[in-house]
Amino acid sequence: MRKTLVLFTLALILFGFNTTAQGLPVYDNTNFISLVKQLLESGKQTANLLKTVNFLKEQKENLEKVNSVVRQLKAVREIGRNNQRLINVMQNDLRDILNSPYIKPGEVSRVTESFNSIVKNSLVTMDFIEQILSNDYLKMSDSERTEILKEMEVQSKVMVTDIHYKTKRYNDIISFRTMQDKVNNRRTNY
């Protein structure tokens with residue numbers, strides 16, 4: 001009853017005095033509901049965007065991990081190739097050098113020691129690589145592990161260059177001694 005009286009009084013004030021409702025707030029429920037729906041939808045879209053951003057960050061981290069592993073594998077593969085080159089030189093070139101009649105008996109041990117030191121270094125490198133890849137090796141990160149493997153790759157290239165240099169040097173010595181033998185033992189037709 002009280003509510004009806006209040007409404008009636010309000011109606012008299014608004015319509016009875018021939019005034020307009022300027023300045024009184026007018027609420028349009030349709031627009032308000034539409035605004036609330038838009039705000040809710042915007043909130044859902046924002047939540048979805050945040051989920052997408054987090055997903056993309058995770059994918060970026062995963063790609064960086066994969067790239068690091070790929071770099072590690074490439075470095076290990078290159079080190080393996082370099083070690084295979086060392087083995088090939090040891091099997092072929094070193095045998096030829098040691099079997100040459102122009103290498104003196106005292107030089108054989110020196111040649112063997114110089115090649116053996118390179119091979120030992122290569123084997124130590126391979127053992128170290130196995131340790132790095134098989135466990136966390138002092139809890140190092142993938143980037144630190146990759147950096148160490150890259151350094152070892154450079155070292156293995158240096159070893160290959162060194163062994164090729166030594167092989168070339170000994171082959172040059174053999175060639176020189178062969179030529180010297182031919183000159184010293186040539187027949188003269190005077």
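Glu-78 sits in helix α2, and this residue makes a convenient starting point for a tour of the structure, which is a predicted model. With a relative accessibility of 16%, Glu-78 counts as buried, because the cut-off for that label is under 20%. Once its neighbours within four places in sequence are set aside, the residues in contact with Glu-78 are Arg-85, Glu-153 and Lys-157.

The wider setting of Glu-78 can now be described. The protein chain contains four helices and zero strands. Followed along the sequence, these elements give the pattern α-α-α-α. The helix that holds Glu-78, α2, covers residues 29–99. Helix α3 runs over residues 105–134, and helix α4 over residues 142–184.

The pairing of α2 with α4 comes next. The axes of these two helices lie 9 Å apart, and the helices pack at an angle of about 15°. An angle under 35 degrees counts as roughly parallel, so α2 and α4 are roughly parallel to each other. In handedness, the crossing of α2 past α4 is left-handed. The residues that form this contact comprise 14 nonpolar, nine polar and ten charged ones. Glu-153 and Lys-157, two of the residues that touch Glu-78, fall within the span of α4, residues 142–184.

Helix α4 also meets α3. Here the axes come within 11 Å and cross at roughly 165°. Angles over 145 degrees count as roughly antiparallel, which means that α3 is roughly antiparallel to α4. The passage of α3 by α4 is again a left-handed crossing. Sorted by residue type, the contact of α3 with α4 has 13 nonpolar, five polar and six charged residues.

A few totals help to place these helix pairs within the chain as a whole. Of the contacts in the protein chain with a separation of 6 or more, 75% are accounted for by residues 24 or more positions apart. Burial can be summed up in a similar way: the chain has 190 residues, and 20% of them count as buried, with Glu-78 being one residue that carries this label. As for the surface, the protein chain exposes about 15,100 Å². Carbon and sulfur atoms supply 58% of that exposed area.

Taken together, the predicted model shows a chain of four helices without strands, in which α4 is roughly parallel to α2 and roughly antiparallel to α3.

Notes. Residues are numbered from 1 along each chain as its sequence is written. This is a predicted model: local features need pLDDT of at least 70, side-chain atom pairs count only at pLDDT 80 or more; totals for chains, interfaces and linings use all residues. Side-chain values use heavy atoms; hydrogens and water are left out. Axes are lines fitted to C-alpha atoms, for helices over the stretch in contact, and angles run from 0 to 180 degrees between N-to-C directions. Angles under 35 degrees count as roughly parallel, over 145 as roughly antiparallel, 65 to 115 as roughly perpendicular and the rest as oblique. A crossing is left-handed if the near helix is turned anticlockwise from the far one by less than a right angle, and right-handed if clockwise. Ala, Val, Leu, Ile, Met, Phe, Trp, Tyr, Cys and Pro count as nonpolar, Asp, Glu, Lys and Arg as charged, and the others, Gly among them, as polar. Buried means under 20% relative accessible area, exposed over 50%, partly exposed in between (1.4 Å probe, protein chains only). Contact means heavy atoms within 4.5 Å. Accessible areas come from the Shrake-Rupley method with a 1.4 Å probe; for residues, only the protein chains shown count as cover.
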